[in-house]
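Below are some remarks on the model you sent, set out as numbered points. Please read them with the structure open.

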Amino acid sequence: MINNPNLTRLRRSMMFLNAQKPGLIKDPFIYKPDSIMLDLEDAVAENQKDAARYSLYHALKEINYHGVERVVRINGLETAHWKEDIRVCVAGRCDSIRISKCESAADVIAVEEEMKKAEAEFGVEHGEILIMAALESTKGVLNALEICQASPLLFGIALSGGDYTKDLQTVISGTGVEFAWARGQMINAARCAGKQCFDTVFTNLDDMEGFRKETEMIKMMGFDGKSIVNPRQIAVCHEVFTPTQKQIIQAEKIVKEVDEKKAMGIGVFTVDGKMIDIAFYPGAKRTIELAKAAGVYEGDL
Amino acid sequence: MINAVGRDIPEKVLQDLNMKPFAGTYARNGEEYRKAAPKVRAWMDPKESKMLDSIAEAVKKCGIKDGMTVSFHHHFREGDYIVNMVMEEIHKLGVKDLTICASSLGKAHNPIVPMIEDGTITNIQSSGVRGQIGEAISTGKLKGYAIMRSHGGRVRAIESGDVHIDVAFIGAPTCDCYGNMRAVGGKSDCGVLSYAYVDAQYADKVVAITDTLVPYPNIPASISQVNVDYVVVVDEIGNPAKIATGAAKPTTDVRKLMQAEYCTQFVINTPYFKDGFSYQTGVGGASIASTISLGKIMKERGIKMGLGLGGIAGPMCELLEEGLIDKIVDTQDFDLKAIESISKNPNHIEITGSEYANPMNKGAYVNQLDFVILASLEVDTHFNCNVVVDSNGMVTGAQGGHPDTAAGAKCTIVIVPLLQGRTPAICTDVTTVTTPGETVDVVITDYGVAVNPARPDLLECAKAAKLPVKTIEELRDMAYAITGEPEKIKFGDRVVGVIEARDGTIIDVVHQIKDYEWD
Amino acid sequence: MDVLCASVAGTLESSDAQVSIEPGNGKLDLTIESSVLNQFGKQIRATVLETLDRLDVTNAKVTVIDKGALSCTLKARVEGAVFRASGYTEDDIAAGKKLPWGGAIR
């Protein structure tokens, strides 16, 4: 059993940053993303893989990210780089490792095994560093549930849409139709396994309305957050994923009423004219937790 | 002698320049003095023509000789051809020891550096300098002192007689044969001639240089025939592409947008944000973005700006057109939109540099400002700002209206990114003080907002706006924690320039730079 | 570590530093250029020398062109250049040559 509070932390926005660009990794926390994803994979040119690791190591060790989660995206398991990537992640004590192109439970286990070796080497406690898996292929998406269940270190899965659409032999259309099944499958698998689920990036930075619509849609589907490529997207993303004051007040009433009525032995009652029973309780609790995590809750629950 | 901002002003400098150390922003308030006056050559004979064939002829007619002071304006910004054309002709005459008294100088004027080196130009008085002239000053090539004055301070210096201009060369977008100059129209339209007005009034000889001669009378004139001796027509007085740029695309840089949002939230949470408020802002990305976001809130709340002041760019003109500003009172135009606006909109009005910012006339517009939004190279823990000398010690910027508006406005806001590469913008002591901290109220950075402890009222406003409030020391410490504490720059002994406070006292000096010493 | 060949790490972008290294002639030869020399020259030199010392580089010609890099970046670029010059290419690493994270890299 892993007892790491990061397993369920708030991850509305997970922002990619090239681990090799000093100007980018210096102070991304000022944009207040929930997580940054320091990238050793696609953003780093093949001949700079080594340089990116030194840069990453010192960033992890020396830059104060002010509580923003430090995820590192390592190179795929088919490459020559991933094992050393894991060593540097563990030695630098990042918060989480993102497995790219994850296709099966075996991939997760392979990463976990390498992590164990590195943890022993660098004296890091097992469970301190978590895992997330990016699903980038039809096979990966099909195996979503086994991936989610592969390791107690794994906190969630993320769709990586670029490679996935290539595998599907289609393109990103902007309508979301090409991702419909993958998104449905992934959120279902994640929830079934009690994990978090994150959506793919939205690359057209000038289309903020499109970004908002897509974020609203995936939130409605149940997703916990979205991978983002630019700080411009953070505010909108957080707006969508943060409960409104109206929702918070409603949730607060439900939690308080349920607690009170339960003590009195009453099962069904009304809040603002709406029939409420115990089934509304977990959702209301989640809203309050989300509001607290987002720093917008001012009540006393 | 240690002045009121704690800077040591060498006795020799005070004596050489016959100036006093800075004693506080309002120390000379209420002082009485008699204005200077130019020597005027009467033009009684109507048959006499003011038209000359060339700049060379004008230079000769004006009798330029060793030790004289010649003046220029900077309304053509980096597109200016006038300074170089005139100086080239003066240089041909072999005149030495000239003082250039310009409202500002930029990279466009790099060609005059050899004239600094050969002793043609030995003194420079300007709002500031950029490029190679700055390097020439900082490396000690200028024989005399560079005096950096604010826009208001320059007018004061001229009107009070601290500097006397022998010949003013005034580039005019349009001019008639008798010297009536207008800023609008022509090939090198710059919108206004605000900073040149005082030159025309106080110089012994005034030469109008235009590339667009128009029929008489060219009125209403920015500068009137009664102050003009000669008119010269040349092919081009400037490069229009560099005088005014097209509308800048609003920034998408999230850091700048964050700072703009902090600024707007602060402004609207002060008691000064009410119908009829007055406002001045700059042309940086964050300033423009905050003008745009402020405009939205003004519209929502039905609050109008009574006065928009100073250097003007497109976004302010758009608010004027939308009826959200009553009057724009203009001293400089930064883009084509502003130039178009002043030529068409009767509520967009040109004023003189004296009206704008002279601290020792009977009351300048800056005194009526509620807000001014400024930038800075450095701000220190005393809230002093430096806008002239970079963190390596090189002269590279201009005071402009910075100290004038800061002194005048009820609420002076400085927007600055905490870090420029490894250079912390918030530091213990600025390299050079150009604007005293007593006139700076709020500093907005991407890492947080600091309020001058002298303004507890504004601190409450910042808290009400839910801004990330920090002390100025906390901001500095955050910067130093990232960059390391910078070394204090070691300068050479020689003073190459002085930063003149707007009242004519010395607020700081600039030393010659020297090679870095490793040990 | 022995510098076996010439190598470069880093770029000339703002906030970065480019470190070049080549075999020396019996001693350590360090040249530093920086856009923030007047403010951080000594700190840059100290960072570079400490990093070279940890990596036990004593015979090399090292050139740093700094564009305002933070010390974490300077260290990373020096390490990048040194390991590249000392036979730790990505192929060597993939073949099992392990980097001393937390040891000489600190």
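**Notes on the fold and the interfaces**

1. I begin with chain B and the range of its contacts: among those between residues at least 6 apart in sequence, 74% join residues that are at least 24 apart. The model is a predicted one, and each of the remarks below should be read with that in mind.

2. The secondary structure of chain B amounts to 16 helices and 25 strands. Along the principal axes, the C-alpha atoms of this chain occupy a box of roughly 70 × 60 × 45 Å.

3. On the overall dimensions of chain B, the radius of gyration is 22 Å, and this agrees with a compact globule, because a globule of 519 residues would be expected to have a value near 24 Å. As for burial, 58% of the 519 residues in chain B are buried.

4. A set of parallel strands in chain B deserves a look in the viewer. Strand β3(B), residues 98-102, runs parallel to strand β4(B), residues 121-126, and the two are joined by 4 bridges; within this pairing, I100(B) has I124(B) of β4(B) as its bridge partner.

5. Strand β4(B) also pairs with strand β5(B), residues 146-148, again in the parallel sense and over 3 bridges. Here I124(B) has A146(B) of β5(B) as its bridge partner, so that I124(B) can be followed from the pairing with I100(B) to the pairing with A146(B). Between β4(B) and β5(B) the chain passes through helix α5(B), residues 131-138, and the resulting β-α-β crossover is right-handed.

6. Turning to the interfaces, how many residues of chain A are in contact with chain B? There are 5, and they meet 5 residues of chain B. On the chain A side of this interface, 3 of the residues are nonpolar and 2 are charged, with no polar residue present.

7. Between chain A and chain C, 20 residues of chain A are in contact with 23 residues of chain C. The elements of chain A that contribute two or more residues to the side touching chain C are α1 (22-25), α2 (49-62) and α3 (82-92), and which of them supplies the largest share? That share, 9 residues, comes from α2(A). By class, the side of chain A that touches chain C is made up of 10 nonpolar, 4 polar and 6 charged residues.

8. The interface remarks above rest on residue counts, whereas the size of an interface is often given as the accessible area lost when the parts come together.

Key:
Residues numbered from 1 in each chain as written. Chains lettered and ligands numbered in written order. Predicted model: local features only at pLDDT ≥ 70, side-chain atom pairs only at ≥ 80, totals over all residues. Rg over C-alpha atoms; globule rule 2.2 N^0.38 Å. Buried ≥ 20, exposed ≤ 12 C-beta atoms within 10 Å, placed from the backbone. Contact = placed C-beta atoms within 7 Å. Nonpolar A, V, L, I, M, F, W, Y, C, P; charged D, E, K, R; others polar. Pairing = 2+ DSSP bridges. Right-handed = clockwise from strand over helix to strand, strands pointing away.
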